[in-house]
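Trainee: I'd like a close look at how the helices pack in this model. Could you take me through one crossing, then work outward from there?

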Amino acid sequence: MKYKALLFGSIGTLIESSDIQRTSFNEAFKEAGLDWYWDEQDYRSLLKKSGGTKRVEDFAEKNNVNVNASQIRNRKTEIFSSYIIKNKQKLRKSVYEIINFAKKNNIKLSLSTSTTINNVNAVFESLSNQIVKEDFDFIGNKSLVKYEKPNPEIYKVTLEHLNIEASDCIA
């Protein structure tokens, strides 16, 4: 079977972003006057739930602390975006080849993410010497869906936009 589309499911499928995000959260916590620190093991466990705001809310509730989770997440996004733009990131191994293969074989490309538009823009700015938004037929973001992943809504939006069936693509 020949696939019609290849869907990258998150910014983390393009670049190694988890540790940068974790470090950015820790910086945002420090700036907010919180003595929280998420180490790699903590963060790996927290990643079982999607959405940075939800992670902060759950962590605050677990620690019986009242915080503005959205404000902290927004500051984390600013720190993350600034870092990856300043420290130009590299595509994950073989991603460039996969994107070129898809383009040469008329396979549509999508970034089917439910992260913020700021994160999406920062990733593409950071990768501007490797790939560009125009390489993709669809780029999702949080503003296009009501529910973040793991809810499949962004994938449904992607399929509708690309005018394909789920069986026509690989994610």
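Trainee: Which is the crossing of α3 and α4, left-handed or right-handed?

Mentor: The crossing of α3 and α4 is right-handed. By that label I mean that the near helix is turned clockwise from the far one by less than a right angle, with anticlockwise giving left-handed.

Some ground rules before I go on. Keep in mind that this is a predicted model, where local features need pLDDT of at least 70 and side-chain atom pairs count only at pLDDT 80 or more, while totals for chains, interfaces and linings use all residues. Residues are numbered from 1 along each chain as its sequence is written, and side-chain values use heavy atoms, with hydrogens and water left out. The elements are DSSP runs numbered from the N terminus: helices are H or I over at least four residues, strands are E over at least two.

Back to your crossing. Two packed helices are described by the angle between their axes and the distance between the axes. Here the axes of α3 (residues 52–62) and α4 (residues 69–86) come within 8 Å and cross at roughly 130 degrees. Axes are lines fitted to C-alpha atoms, for helices over the stretch in contact, and the angles run from 0 to 180 degrees between N-to-C directions. That crossing is why α3 and α4 are oblique to each other (under 35 degrees is roughly parallel, over 145 roughly antiparallel, 65 to 115 roughly perpendicular, and the rest oblique). On the α3 side you'll find Gly52, Thr53, Val56 and Glu57, and they meet Ala69, Ser70, Ile72 and Arg73 in α4; contact means heavy atoms within 4.5 Å. Sorted by class, this contact has three nonpolar, three polar and two charged residues. The nonpolar class is Ala, Val, Leu, Ile, Met, Phe, Trp, Tyr, Cys and Pro, the charged class is Asp, Glu, Lys and Arg, and the others, Gly among them, are polar.

Now follow α4 to its other partners. Helix α1 (residues 18–31) packs on α4 at an angle of about 130 degrees, with the axes 8 Å apart. α1 and α4 are therefore oblique to each other, and α1 passes α4 in a right-handed crossing. From α1 come Ile20, Gln21, Ser24, Phe25, Glu27, Ala28, Phe29 and Glu31, meeting Ile72, Arg73, Arg75, Lys76, Ile79, Phe80, Tyr83 and Ile84 in α4. The class count for α1 with α4 is nine nonpolar, two polar and five charged residues. Notice that Ile72 and Arg73 of α4 turn up in the contact with α3 and in the contact with α1.

Then there's α6 (117–126). Its axis lies 8 Å from that of α4, at an angle of about 10 degrees, which makes α4 roughly parallel to α6. In α4, Lys76, Thr77, Phe80, Ser81, Ile84 and Ile85 meet Asn118, Asn119, Ala122, Val123, Glu125 and Ser126 in α6. By class that's five nonpolar, five polar and two charged residues.

Next, the sheet. It is an open one of four strands in the order β3-β2-β1-β4, with parallel pairing. Its edge strands, β3 (138–139) and β4 (169–170), each pair on one side only; a pair needs at least two DSSP bridges between the strands. Four bridges join β1 to β2, and Phe8 stands opposite Leu111 in β2. Leu111 also has Ile139 as its bridge partner in β3, one end of a β2–β3 pairing that counts two bridges. On the other side, two bridges join β1 (residues 5–8) to β4, where Ala5 has Cys169 as its partner. Helix α5 (residues 95–104) packs on the sheet, touching β1 and β2 (108–111), with its direction about 150 degrees from that of β1.

Finally, a few loop residues. Thr113 sits between β2 and α6 and is buried at 4% relative accessible area (buried is under 20%, exposed over 50%, partly exposed in between, with a 1.4 Å probe and protein chains only). Beyond its neighbours within four places in sequence, Thr113 touches residues including Gly9, Val120, Asn141 and Lys149. Lys149 leads into a cis peptide bond to Pro150, with omega near 20 degrees. Ser94, in the loop between α4 and α5, has a positive phi near 80 degrees and is partly exposed at 37%.
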